[in-house]
Amino acid sequence: MIELIRQSDVGDILLKALDGDRLTFEDGARLFQSNDFHAIGWAADQIRRQKHGVNTYYIANRHINYTDICKNRCQFCAFSRSEGEPGAYVLTVDEIIEKSRDLWAELRFSELHIVGGLHPTLPFSYYIEMLSALKSEFPAVHLQAFTAVEIAHLADIAKLSVSGCLSELRDAGLGSLPGGGAEVFAERVRESVCPEKMSGAEWLKVMREAHKLGVRSNATMLYGHIETPEEKVDHLLRLRELQDETNGFLCFIPLRFHPENTRLAYLARPTSGIEDLKTISISRLMLDNFPHIKVFWIMLGVKTAQVALSYGADDFDGTVVEEKITHRAGAATPQGLAVSDIRRLIEEAGLKPIERDTLYQEVKRAGSRLPAVS
Ligand code: V47
Ligand code: SF4
């Protein structure tokens with residue numbers, strides 16, 4: 001295999017990564033320009049094995065999108081609606097509890113993953129009541145809720161500082177932040193595809209505040225639209241820099257853009273399997289200080305997500321149960337996967353499935369009963 005690396009047009013970079021040396025901006029840009037995805041993938045798999053061996057993580061979780069009403073209306077988003085538009089909804093706190101109860105008996109999920117649009121008029125008390133009610137109904141469940149973009153919006157409506165807002169949410173039951181809203185940090189990209197959204201620097205600032213308070217988070221990158229290879233590398237390096245400072249990121253998740261029903265549908269070029277795998281592998285190679293690279297199979301597709309476990313990813317998210325953001329943008333994946341299916345997909349890749357909680361602690365279940373999603 002080392003011969004494969006030596007013959008590669010990016011062999012020098014891959015050997016450097018395998019030696020434990022940090023990759024530079026130029027290295028990242030060359031990796032994205034190379035078509036040698038086998039060699040890149042093999043090197044990323046080696047690094048993944050150095051960090052985790054064959055251990056491959058998954059989580060029993062449930063996603064909840066509490067509202068699709070959003071004042072930002074990003075160009076790439078098919079999920080959001082304006083108030084009064086057909087399909088616009090807000091779940092009441094009772095409905096959120098009801099939804100969570102739905103599969104609780106079967107799934108016994110360890111995490112609720114809660115994100116929504118930036119609702120212009122919902123009061124701060126709605127969010128506090130949501131977390132408190134969920135925490136009292138499911139005390140052992142980790143609430144991973146509200147992207148950095150939502151946190152800044154909530155701080156605004158509550159007239160609190162970001163850190164004051166995070167503290168109140170944490171007191172009400174918030175466990176950690178999901179990684180959404182990062183998109184691509186480059187100003188050129190944001191001005192074009194999400195001009196209303198906070199800047200990349202502001203996103204990083206919210207995450208810094210969260211990490212300083214001990215609130216961990218994920219990080220994402222939405223790829224496959226108008227971004228250049230250099231802009232992707234810049235994104236990864238800005239995340240790596242913050243991680244050096246705080247060590248607060250749990251994992252990185254590349255999100256594959258789905259163009260259908262969005263104002264970027266004219267791009268009509270869904271990413272190729274090779275682009276997807278290369279993005280996973282390069283993320284693993286560049287983000288040397290991120291413990292985990294996660295595949296969100298809902299966006300990647302089950303088959304590519306399975307293969308990605310041999311191209312640098314070590315985490316397969318998750319049972320999910322219900323998902324709207326990608327499905328409104330034309331995703332053909334199911335809404336959820338049973339734990340038995342996830343375990344089979346991991347085992348077929350020659351890897352060892354390990355159920356984890358949000359903070360990557362192993363979940364031990366009494367007996368052999370496996371949670372299922374129908
Ligand atoms: O910020 C919006 C993305 C994100 C589309 O932290 C789209 O574990 C694809 O961040 N095609 C929200 N993506 C979801 C998210 C997420 C998902 C799974 C796991 C985690 C995690 C976080 O969804 C948005 C945006 O980047 N998005 N529209 C679209 N058409
Ligand atoms: Fe709103 Fe998020 Fe959709 Fe942008 S991606 S329009 S912020 S829900």
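**Exercise 1.** In which sense do strand S3 (residues 111-115) and strand S4 (residues 142-145) pair, and over how many bridges? Place the pair in its sheet.

*Solution.* The structure is a predicted model.
Step 1. S3 and S4 pair in the parallel sense, over four bridges. In one of these strands, S4, residue His142 is the bridge partner of Glu111.
Step 2. The pair belongs to an open sheet of four strands with parallel pairing, in the order S2-S3-S4-S5.
Step 3. Strand S2 (61-65) and strand S5 (174-176) are the edge strands, each pairing on one side only. From one strand to the next, the twist averages 40°.
Step 4. Helix H5 (residues 93-102) packs on this sheet and touches S2 and S3. The direction of H5 makes about 155° with that of S2.

**Exercise 2.** What is the strand order of the open sheet of six strands, and which strands are its edges? Locate the bridges between S7 and S8 and the helix lying across S6 and S7.

*Solution.*
Step 1. The order is S6-S7-S8-S9-S1-S10, with parallel pairing.
Step 2. The edges are strand S6 (217-223) and strand S10 (352-355), each of which pairs on one side only. The twist averages 30° from one strand to the next.
Step 3. Strand S7 (residues 249-256) runs parallel to strand S8 (residues 292-296), and two bridges join them. The bridge partner of Cys251 in S8 is His292.
Step 4. Helix H12 (residues 229-246) lies across S6 and S7 and runs at about 170° to S6.

**Exercise 3.** Which residues are around ligand 2, and how do they divide by class? State what kind of space the ligand takes.

*Solution.*
Step 1. Taking residues with a heavy atom within 4 Å of the ligand, the list is Cys70, Asn72, Arg73, Cys74, Phe76, Cys77, Ser80, Gly117 and Lys197.
Step 2. By class, this shell has four nonpolar, three polar and two charged residues. Cys counts as nonpolar and Gly as polar.
Step 3. Ligand 2 takes the space of the largest cavity.

**Exercise 4.** Where do Gly318 and Val320 lie? Describe the backbone feature found at each.

*Solution.*
Step 1. Gly318 lies in the loop between strand S9 (315-317) and helix H16 (339-348). Val320 is also found in the loop between S9 and H16.
Step 2. The peptide bond from Asp317 to Gly318 is cis, and its omega is near 5°.
Step 3. Val320 is not a glycine, yet has a positive phi of about 60°.

Definitions and conventions:
Residues numbered from 1 in each chain as written. Chains lettered and ligands numbered in written order. Predicted model: local features only at pLDDT ≥ 70, side-chain atom pairs only at ≥ 80, totals over all residues. Heavy atoms only, no water. Pairing = 2+ DSSP bridges. Axes fitted to C-alpha atoms, helices over the stretch in contact; angles between N-to-C directions. Contact = heavy atoms within 4.5 Å. 1 Å grid on protein atoms, 1.4 Å probe; cavity = no way out; pocket = protein on both sides within 12 Å on 5 of 7 lines; lining within 4 Å. Sits in = over half its atoms within 2 Å of the grid points.
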